[in-house]
Amino acid sequence: LQRCEALGLDILVSHPGNHFGDLAGGIPRNADAIVEALDRVPGRCVLAMESTAGSGTSIGGKFEELAALIERIPEPHRSRVGVCVDSCHLFAAGYDIVGDFDGVWRHFDDVLGRGRLRAMHLNDSKARLGSRVDRHALIGEGELGARPFRRIMQHERFALVPKAIETPKLIETETDLKMLRRLRRYARLPGRQGR
């Protein structure tokens, strides 16, 4: 957070923490740590808690866990906390953004509120729906396929949400460029011209 403030960055993405086998105790413990960090570093940088695949003792595999964590953070700090959704984690956690894209986002809105979405990590998944296995694949080449990425890139609700890729690096910069070009193609609406 100190580095983000020094650099004038708007968002810091962080994993929400672990509960070590006691979710009911882990959420308040991690919320207290977040409050302490935000207390120590006042400013405008938003801490975006990343959704997880829900494996092991990680917090954030369910929207309800992220909501419970954020609810434990009092104002004025709560307004500096948002969510970063990782598409691979979302799918691995059991949210079917392939078969029920709109339903998943309605559920997000109901539990967390649309305004909480502050960033996205776009990654396909090597693992199946609900597997709780966090293994990223190249965009459009895993279990998710192209369809949900097209929807994300074309849907107005995500237009201003910052997006990052964390896809495998097969050929250092070439793979990243290929994925970014692919996402740009997905962003084009049918019939739209351009590169």
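**Exercise 1. Helices α2 and α3**

Work out how helix α2 (residues 23-40) and α3 are arranged in this predicted model, and which residues bring them together.

*Solution.* Start with the geometry: the axes of α2 and α3 come within 8 Å and cross at roughly 50 degrees. That angle makes α2 oblique to α3. Next, the handedness: α2 and α3 cross in a right-handed sense. Now look at the side of α2 that takes part, where Leu23, Ile27, Asn30, Ala31 and Ile34 make the contact. From α3 come Glu65, Ala68 and Leu69. Finally, sort these residues by class: six are nonpolar, one is polar and one is charged.

**Exercise 2. Helices α3 and α5**

Now take helix α3 (residues 63-71) with helix α5 (residues 101-111), and find their relative direction and their contact residues.

*Solution.* The axes lie 10 Å apart, and the packing angle is about 20 degrees. Angles under 35 degrees count as roughly parallel, so α3 is roughly parallel to α5. The crossing of α3 past α5 is right-handed. For the contact, α3 supplies Phe63, Glu64 and Ala67. These meet Val104, His107, Phe108 and Val111 of α5. By class, the contact comprises five nonpolar residues, one polar and one charged.

**Exercise 3. The sheet**

Lay out the strand order of the open sheet, then decide which strands stand at its edges.

*Solution.* Five strands build the sheet, in the order β1-β2-β3-β4-β7, and their pairing is parallel. Reading that order from its ends gives β1 (11-14) and β7 (163-165) as the edge strands. Each has a single partner strand, so one side of each lacks a neighbour in the sheet. From one strand to the next, the twist averages 30 degrees. Now zoom in on the β7 end: strand β4 (residues 117-122) runs parallel to β7 and is joined to it by three bridges. For a landmark in the structure, find His121, which stands opposite Ala164 in β7.

**Exercise 4. A salt bridge across the chain**

Which residue forms a salt bridge with Arg80, and which parts of the chain does the pair link?

*Solution.* The whole structure holds nine salt bridges. In the one to find here, the partner of Arg80 is Glu5, with the closest N and O atoms 3.9 Å apart. A salt bridge needs these atoms within 4 Å, so the pair qualifies. Then place each residue: Arg80 sits in the loop between α3 and β3 (81-86), while Glu5 belongs to helix α1 (residues 2-7). The two are 75 residues apart, and the pair links distant parts of the chain.

Notes: Residues numbered from 1 in each chain as written. Predicted model: local features only at pLDDT ≥ 70, side-chain atom pairs only at ≥ 80, totals over all residues. Heavy atoms only, no water. Axes fitted to C-alpha atoms, helices over the stretch in contact; angles between N-to-C directions. Helix = DSSP H or I, 4+ residues; strand = E, 2+ residues; numbered from the N terminus. Parallel < 35°, antiparallel > 145°, perpendicular 65-115°, else oblique. Left-handed = near helix turned anticlockwise from the far one by under 90°. Contact = heavy atoms within 4.5 Å. Nonpolar A, V, L, I, M, F, W, Y, C, P; charged D, E, K, R; others polar. Pairing = 2+ DSSP bridges. Salt bridge = Lys/Arg side-chain N within 4 Å of Asp/Glu carboxyl O.
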